[in-house]
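Have the model open in your viewer and the sequence panel at hand. We will go from stop to stop, selecting a piece and looking at what is there.

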Amino acid sequence: MRPLNTLIIALSLSLPFTLSQYSHAAESSIYSNSATVQPVWAKHGMVASQEALATRIGVDILQQGGNAVDAAVAVGFALAVTLPRAGNLGGGGFMLVHIAKDNKTIAIDYREVAPEKADKDMFLNAQGDAVAKLSREHGLAVGVPGTVMGMELALTQYGTMTLAQVIAPAISLAKQGIVVTPDLATSLAGLKRRISQWPSSKAIFYRPDGSNFEIGDTLVQQDLAHSLTLIAEQGSKGFYQGSTAEKIVTAVTDAGGIMTLADLADYHVVEREPVSGEYRGYRVVSMPPPSSGGVHIIEMLNMLEPFPIDKMGHNTADTLHVMAEVMKRAYSDRSKYLGDPDFVTVPVAELISKPYAKQRSKTITLETLTPSHLINPGKVSGYESPQTTHYSVVDKWGNAVANTYTLNFSYGSGLVAQGTGILLNNEMDDFSAKPGVPNGYGLVGGDANAVEGHKRPLSSMSPTIVMQNGKPFIVTGSPGGSRIINTTLQVIMNVIDHKLNIAEASYASRVHHQWLPDELRVEKSLNRDTIKLLEAKGHKVTIGNAIGSTQSIMVTPEGIYGASDPRRAGSETAGY
């Protein structure tokens, strides 16, 4: 492993790769003169992530001979240092791994679980009303983390390097410190109330006098470096047992929580069979429950397939109308049927079947809008924070990784376990605090996602790999809470239906409908004439915040193309 300062200097001179750098090495056919945005190109391997240093560490692992899983695990640990609002040790997520030599794809579920003592009424007051603070900024909000064990399992089963090798760059970054970027400075300042209410967190993420870090300051995380070192030396036991585990439990219980050492020691990762479906000759492979993403991406694509989307045009009123109608139907199903498959029966096979999609979409026409209240009523899951992060990796052997993980809210609960440097999640808020009753966001929770000990909360995280002729073609995913599913859907449609390159597909305007509330949310870049046409069809159109932050890679005979979404600052796609 090269010294980190040498690594950073070397990479800063060579990355990211630009069109001009490759003009002499690549054939002119690699880039299209008609493209409005050009992707990054590489010959051997590529990493796309939401933070530049983490991307560069992943590329360095690939250059050392590591495979996509080695690089993905290195990126995951690095993001815990460089992107503390979403990268993590104290959270959880989902990883989709494609192994080329075995031609198989594995779904690794390292989602957080509820502590054993959790129950469905734990977030209710004496009057039976849900108390948001209990599930968001309290010890009860913390689910048992899965990230460390998930990364270890992926590396042990499908990687080629040691845990110590892939964690070393993250340890160095935590010890030496990272430069506070504009993105990091802005997020810490904006969330100061929630983070600084915990003295253990305030001591790390703000100056000694309590003032905010300025752009260009150095953020050193010595306790986090120590926690990472214990994992490098002891594996996941260095997190789920011993001093780190004791400090996590102490922090959670001191904050009013119910997590025990037994909860941490009993945590386990689950390898699941991915869900998959066909769309216009491509095979779409994604996460199964307790992620709702894969099921509903495939369900929506099945409903869309009979429509001539390519002829209807990209982001035209007719295309967006049909997409909105499809989204409403899928999200109503999401609320009714989706939950942890180890606790509830999820009818996956039916939901992703072509006959079901045909029946579900039979009332969709270009002229008629179906109000949400006329679509099968169900119960939409509670609020899910958009502060997740996704990254994608491919290597020269054809292996691919799509990984999405999170602390839930930005910086999770805001609580750092004293002496560990580890931010703890508030993932328990992804359960339905009170099934059937609207929360502060106008959404209601379903029984399938009620709180229960050892249960995994429902998620929208949707790491996805689209296969062409049995090989990875698109590797993608996004943060964005409930908007993740529709964001990923649109990247796939943009490439397959509209023939956009992966950068154009990533930059294009997005829309989102989640059944309830009955409104079509659009980005401000969407054409105003298109909005008027949608409103004429009866849609209630709301212009809101940017949707998603995709990190995507496309593999072609001409090489590997990638793009980081411009919607979030600090991301980078690079390769070699």
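Start by selecting residues 464–468, strand β14, together with residues 471–476, strand β15: the two pair in the antiparallel sense over five bridges. Strands here are DSSP runs of E with at least two residues, helices are runs of H or I with at least four residues, and both are numbered from the N terminus. Pairing asks that DSSP find at least two bridges between two strands. For one bridge, pick V466 and look across to its partner in β15, I474.

A word on what you are viewing: this is a predicted model, in which local features need pLDDT of at least 70, side-chain atom pairs count only at pLDDT 80 or more, and totals for chains, interfaces and linings use all residues. Residues are numbered from 1 along each chain as its sequence is written, and side-chain values use heavy atoms, with hydrogens and water left out.

Now widen the selection to the whole sheet. It is open, has seven strands and antiparallel pairing, and runs in the order β1-β20-β19-β15-β14-β9-β8. Which strands stand at the edges? They are β1 (40–42) and β8 (275–279); each has a single partner strand, so one side of each is left without a neighbour in the sheet. On average, neighbouring strands of this sheet are turned by 25° against each other, direction ignored.

Next, go to the loop between β8 and β9, where you will find R280. Its phi is positive, about 50°, although R280 is not a glycine. Move on to the loop between β9 and α15, the place of P290. The peptide bond from P289 to P290 is cis, with omega near 20°. For another cis bond, select L516 and P517, where omega is about 0°; P517 sits in the loop between β16 (511–512) and β17 (520–523). As background, most residues other than glycine have a negative phi, and most peptide bonds are trans.

Select helix α15 next. This helix lies across β8, β9 (282–286) and β14, and runs at about 20° to β8. Axes are lines fitted to C-alpha atoms, for helices over the stretch in contact, and angles run from 0 to 180 degrees between N-to-C directions.

Add helix α17 (residues 317–337) to α15 (residues 293–304): their axes come within 9 Å and cross at roughly 140°. The two helices are therefore oblique to each other, a label for angles that are not under 35 degrees (roughly parallel), over 145 (roughly antiparallel) or 65 to 115 (roughly perpendicular). The contact (heavy atoms within 4.5 Å) includes H296 and M300 of α15 and V326 and R329 of α17.

For a second helix pair, select α4 (residues 68–82) and α6 (residues 147–158), which pack at an angle of about 160° with their axes 9 Å apart. These two are therefore roughly antiparallel to each other. Show side chains for V69, D70, V73, G76 and F77 of α4 and M151, A154, L155 and Y158 of α6, which make the contact.

Finally, colour by pLDDT, the predictor's confidence in each residue, from 0 to 100. The protein chain averages 92, and 91% of the residues score at least 70. Among its elements, α4 has the highest mean (99) and helix α2 (residues 19–22) the lowest (35). Over residues 1–28 the pLDDT stays under 50, and over residues 438–444 it is below 50.
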